[in-house]
Amino acid sequence: MNTENTESERAALEVLKSTGIDVLEAALVAREALECGRGRVRRARECVRLGAEEMRKREKTVTFRKAVEAALEEREKKNRRARTVTDFRYYCKRLMVRNPGLAERRVRSITSDDCRVYLQEAYGESPSQYRKARAILSGVFSTAIKHDWCDANPVSRVEVPEVIEKPIEPLTIEEVERLEETARQPEHQDMQLSLHLMLYCGIRPTEVSRIDPERDIDWQNQRVVVRPTTSKTGGGRVVPLRKADAITVRTIPHRWVQRWRALRKAAGWGQSHAWRQDVCRHTFATYHAACFRNFAALQLEMGHRDSSLLRTRYVYAGNGTEAPALRYFRV
């Protein structure tokens, strides 16, 4: 062995002394690096650099539970509606309960296949809930990306299930009259305006509960302003206030959900005769389409981006809707 090699070896040993690594271990590591670099030193160093960067990324992450907490905090700071935050918390909690181990799983290690399994276990029986859970799970990873806890959103590769909307039959004229008669009773008069807005303006129950009659209702020009802060979708709209003369009590009560439930129960809806979700809004849409035959106007009043939902879910294609519709709007 020549002098130059001996000096190189001695220098190498001096370098290794400061690391505390055994010479044999160092040689094995060097050999693995060279094998990864296909025998080239420059390429071997690049492999080491990339490996170190990947390890740094793996270490800079948090558990799924921590990512959920950060996502919730972010939404609360943005003053999202209480219902939105509640739904976000509920869906994430169910994902963690139905998938033991997910809560402590590092977000950077979660793959698209993992997300499919998690969603299927928690919400596989309901396509509509699966879609919502998928959107919420995607929001958790979007927050994680902002904090550099992961590099990509694995939910983006999870397919969105198709939801086939089932048509909902509207209330009969007799059922509408029963609700209105109940709302005229002294103990339920405070719900008269709310019922009218749902039946004859197509406004959602949650939107009605947020309406301020003094600010949002123009009684003179007979129109209702559903502001973006009131709207479920965040988009504002102006709706005609039909048959306004029939409204004698112009208030929206406190504890609105309880008052609305009490009105329905007093009108005959209960366990044996279940209330159909969104049926007032559907009743409005069904009779509006049959009476006025103007889908463009109906779409604007309902606050829909397009008419697809009207055609698949709200508008009931049953026979004999024209006569009840004329009676409903009294035209």
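**Aromatic pairs and overall architecture of the predicted model**

The protein exposes about 20000 Å², of which carbon and sulfur atoms supply 50%. This surface belongs to a predicted model, in which the protein has 16 helices and 3 strands. Of its 331 residues, 40% count as buried. Among the contacts in the protein with a separation of 6 or more, 65% are accounted for by residues 24 or more positions apart.

Aromatic rings were examined next. A pair of aromatic rings is described by the distance of the centres and the angle of the planes. The structure holds 12 aromatic pairs, one of which is formed by Tyr-200 and Tyr-328, with a centre-to-centre distance of 4.8 Å and an angle of 35° between the planes, a tilted arrangement. Because Tyr-200 lies in helix α9 (residues 192-201) and Tyr-328 in helix α16 (residues 322-329), this pair ties together parts that are 128 residues apart in sequence. Tyr-200 is buried, its relative accessible area being 2%, and for Tyr-328, which is likewise buried, a relative accessible area of 2% was computed.

Tyr-328 also takes part in an aromatic pair with Tyr-287, for which the centres are 4.8 Å apart and the planes stand at 45° to each other, so that the pair counts as tilted, the class for angles that are neither under 30 degrees nor over 60. Since Tyr-287 is located in helix α13 (residues 279-292) and Tyr-328 in helix α16, the pair ties together parts separated by 41 residues in sequence. With a relative accessibility of 4%, Tyr-287 counts as buried, because the term applies to residues under 20% relative accessible area. Tyr-328 is thus a partner of Tyr-200 in one tilted pair and of Tyr-287 in another. These three tyrosines belong to a cluster in which ring pairs link Tyr-200, Phe-284, Tyr-287, Phe-292, Tyr-328 and Phe-329.

Arginine side chains were also found over tryptophan rings. The charged end of Arg-178 sits over the ring of Trp-269, at a distance of 4.8 Å from the ring centre. In a further arrangement of this kind, Arg-250 lies over the face of Trp-219, and here the distance to the ring centre is 3.9 Å.

How values were computed
Residues are numbered from 1 along each chain as its sequence is written. This is a predicted model: local features need pLDDT of at least 70, side-chain atom pairs count only at pLDDT 80 or more; totals for chains, interfaces and linings use all residues. Side-chain values use heavy atoms; hydrogens and water are left out. Rings of Phe, Tyr and Trp (its six-membered ring) pair if their centres lie within 6.5 Å; planes under 30 degrees apart count as stacked, over 60 as edge-to-face and the rest as tilted. Helices (H or I, at least four residues) and strands (E, at least two) are DSSP runs, numbered from the N terminus. Buried means under 20% relative accessible area, exposed over 50%, partly exposed in between (1.4 Å probe, protein chains only). A charge sits over a ring if NZ of Lys or CZ of Arg is within 6 Å of the ring centre and within 35 degrees of the ring normal. Contact means heavy atoms within 4.5 Å. Accessible areas come from the Shrake-Rupley method with a 1.4 Å probe; for residues, only the protein chains shown count as cover.
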